[in-house]
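Colleague: I'm new to this one and would like to learn how to read it. Could you walk me through it, feature by feature?

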2 protein chains.
Amino acid sequence: MPKDRSPTRIQKRNRANILEAALEVFSQNGFRGATVDQIATAAGLSKPNLLYYFPSKDAIFTALLSELLDTWLDPLREINPEGDPMAEILAYVERKLQMSKDMPRESRLFANEIVQGAPRMIEELSTDLRVLVDATETIFVDWMDAGRIARVHPRHLLFSIWSLTQHYADFEVQVRTLMTPDDPFDGASEFLETLYRRMLTPQS
Amino acid sequence: MPKDRSPTRIQKRNRANILEAALEVFSQNGFRGATVDQIATAAGLSKPNLLYYFPSKDAIFTALLSELLDTWLDPLREINPEGDPMAEILAYVERKLQMSKDMPRESRLFANEIVQGAPRMIEELSTDLRVLVDATETIFVDWMDAGRIARVHPRHLLFSIWSLTQHYADFEVQVRTLMTPDDPFDGASEFLETLYRRMLTPQS
DNA sequence: CAGACATTTGACCAACTGGTCAAACTCACG
DNA sequence: CGTGAGTTTGACCAGTTGGTCAAATGTCTG
């Protein structure tokens, strides 16, 4: 393992290559389905060489997860409590949907992990994510109290956005197989906008 | 492997035990994460004994999938084109939600498989399921043409129901972690009813 | 209860996998 | 250009895993 001084040029390049390769391999095969050799080959390294940069398969996976989690949750942090409620929510939905389109591997990586009980993520889920979700729920409730969006269960509202947007990345094979033409995202944006507009428009 | 005459009492019992054990193990660890030994132990058999009933790990998995797929799609077949549109759709949503609650292992089994590209299911997806989905879409479109529910993209409507209901089973760990109290299904039924009622009530 | 057939098992194997290690090689820098 | 640190590699190892096989045991039927 490299010393923990400032990383050399080679260290930076290889570390980046490894994480990129790991994302590709882990997201396609899950943790147990992925082999260190696969990742090494995908990163253009030999197995022992890879293990010179990360002490174990587990360490690669953990590093990858924690590196991605922040990015993954960014759209949630961008919700502005001062903005127009409907616009803010629709923009959040759009950001999440775009993320599914642009980063399907990241989405599937998390999906894989969570479906199997998230043994390596429970920690973050119940701390970092928890705080973010609580804050978002407060924002939603304030908007509902002010009568600016219709009243629904705020936490299920958030779950529904995650569910509906990530579905297009996580279950892409299924969606694509059943869509004609087979673009999974064709019409998704309009559909979701309609859905949330109708659900959340305050009743007169 | 047993001869293919009419199965004996022991064959019936063991085959059932194996499939039950396989559901438990595969849904928790995915195909590659599950070992034949785990399944055998969970079924109360030795490994060679298990392999006397199924020729390979792959065969167990395939048998399990095809046995479950029919059950899994039953709720879809129960949609009645002659019934009241809103009631039919809400009832379908309720059935699917109940299924997530009662059969989370089955849900996760399929989720696992599809997230990883459904290498062992593409066949069924693009034939059996395809037909069912096309038929359902026709029903939805007829209802929309008759002005009995609001117009939305019918296929995305169906995807949304799958996504929202199965989310509670597939991502149970996440949902549970973020719910207080930690019953993932608490309030889900009411939320989904509200959602689909508001989205699909015809606009005056 | 004898024989035929069904079921179960222990021992075994080859392939794979995560990980180690000492030796060899490469690079940056004085 | 030499030297020490950083990097890479082939050989290797122990544990796991899917699967085989012949022999032993159990079960059913005439």
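Modeller: Sure. One term before we begin: a helix here is a DSSP run of at least four residues, and helices are numbered from the N terminus. Keep in mind, too, that this is a predicted model.

Colleague: Then let's use that term. Which helices supply residues to the surface near DNA strand C?

Modeller: Helix H3 (47–53) of chain A, plus helix H1 (9–33) and helix H3 (47–53) of chain B, each give at least two residues to that surface. Coming nearest, out of 21 residues around the strand, are A:Arg9, A:Lys57, B:Thr8, B:Gln11 and B:Tyr53. By class, this surface has 9 nonpolar, 7 polar and 5 charged residues.

Colleague: What part of DNA strand C do the atoms within 4 Å of the protein belong to?

Modeller: Sugar or phosphate for 61% of them, and bases for the rest. You can see both kinds in single contacts, where a polar contact is a pair of N or O atoms within 3.5 Å. On the phosphate side, a backbone N or O atom of A:Ala34 sits 3.3 Å from a phosphate oxygen, and a side-chain N or O atom of B:Ser46 is 3.2 Å from a phosphate oxygen. On the base side, a polar side-chain atom of A:Lys47 is 2.8 Å from a base nitrogen.

Colleague: And which residues come nearest to DNA strand D?

Modeller: Out of 21 residues around it, A:Thr8, A:Gln11, A:Tyr53, B:Lys47 and B:Lys57. Sugar and phosphate make up 60% of the strand D atoms that come within 4 Å of the protein. Here helix H1 (9–33) and H3 of chain A, along with H3 of chain B, each supply at least two residues. For phosphate contacts, look at A:Asn14, with a polar side-chain atom 3.0 Å from a phosphate oxygen, and at A:Tyr52, whose side chain has an N or O atom 3.2 Å from one. B:Lys47 has a polar side-chain atom 2.8 Å from a base nitrogen of strand D.

Colleague: Let's step back to the chain. How many helices and strands does chain A have?

Modeller: There are 10 helices and 0 strands. Its C-alpha atoms fill a box of roughly 65 × 45 × 30 Å along the principal axes, and 53% of its 204 residues are buried.

Colleague: How do I check the length of a helix, say helix H4 of chain A?

Modeller: Compare an expected span with the actual one. The 21 residues of H4 (residues 57–77), at 1.5 Å a residue, should span 30 Å, and the end C-alpha atoms are 31 Å apart, so the two agree. Follow H4(A) along and you'll also meet a kink of about 30 degrees, centred on A:Leu68. A:Leu68 is one of the buried residues of H4(A), which also include A:Phe61 and A:Trp72.

Colleague: What about the loops? Where is A:Ala118, and what is its phi?

Modeller: A:Ala118 is in the loop between helix H6 (104–115) and helix H7 (122–145) of chain A. Its phi is near 50 degrees, a positive value in a residue other than glycine. A:Ala118 counts as buried because its relative accessibility is 0%, and buried means under 20%.

Colleague: Which peptide bond of chain A should I look at for a cis case?

Modeller: Try the one from A:Thr180 to A:Pro181, with omega near -5 degrees. A:Pro181 lies in the loop between helix H9 (172–178) and helix H10 (188–200). In chain B, a cis bond joins B:Thr180 and B:Pro181, with omega about -5 degrees.

Terms used: Residues numbered from 1 in each chain as written. Chains lettered and ligands numbered in written order. Predicted model: local features only at pLDDT ≥ 70, side-chain atom pairs only at ≥ 80, totals over all residues. Heavy atoms only, no water. Expected span 1.5 Å × (residues − 1). Bend = angle between axes of the 7 residues up to and from the residue. Buried < 20%, exposed > 50% of the residue type's maximum accessible area, 1.4 Å probe, protein only. Near = heavy atom within 4 Å. Polar contact = N/O pair within 3.5 Å; in protein donor to acceptor, adjacent residues only side chain to side chain. Nonpolar A, V, L, I, M, F, W, Y, C, P; charged D, E, K, R; others polar.
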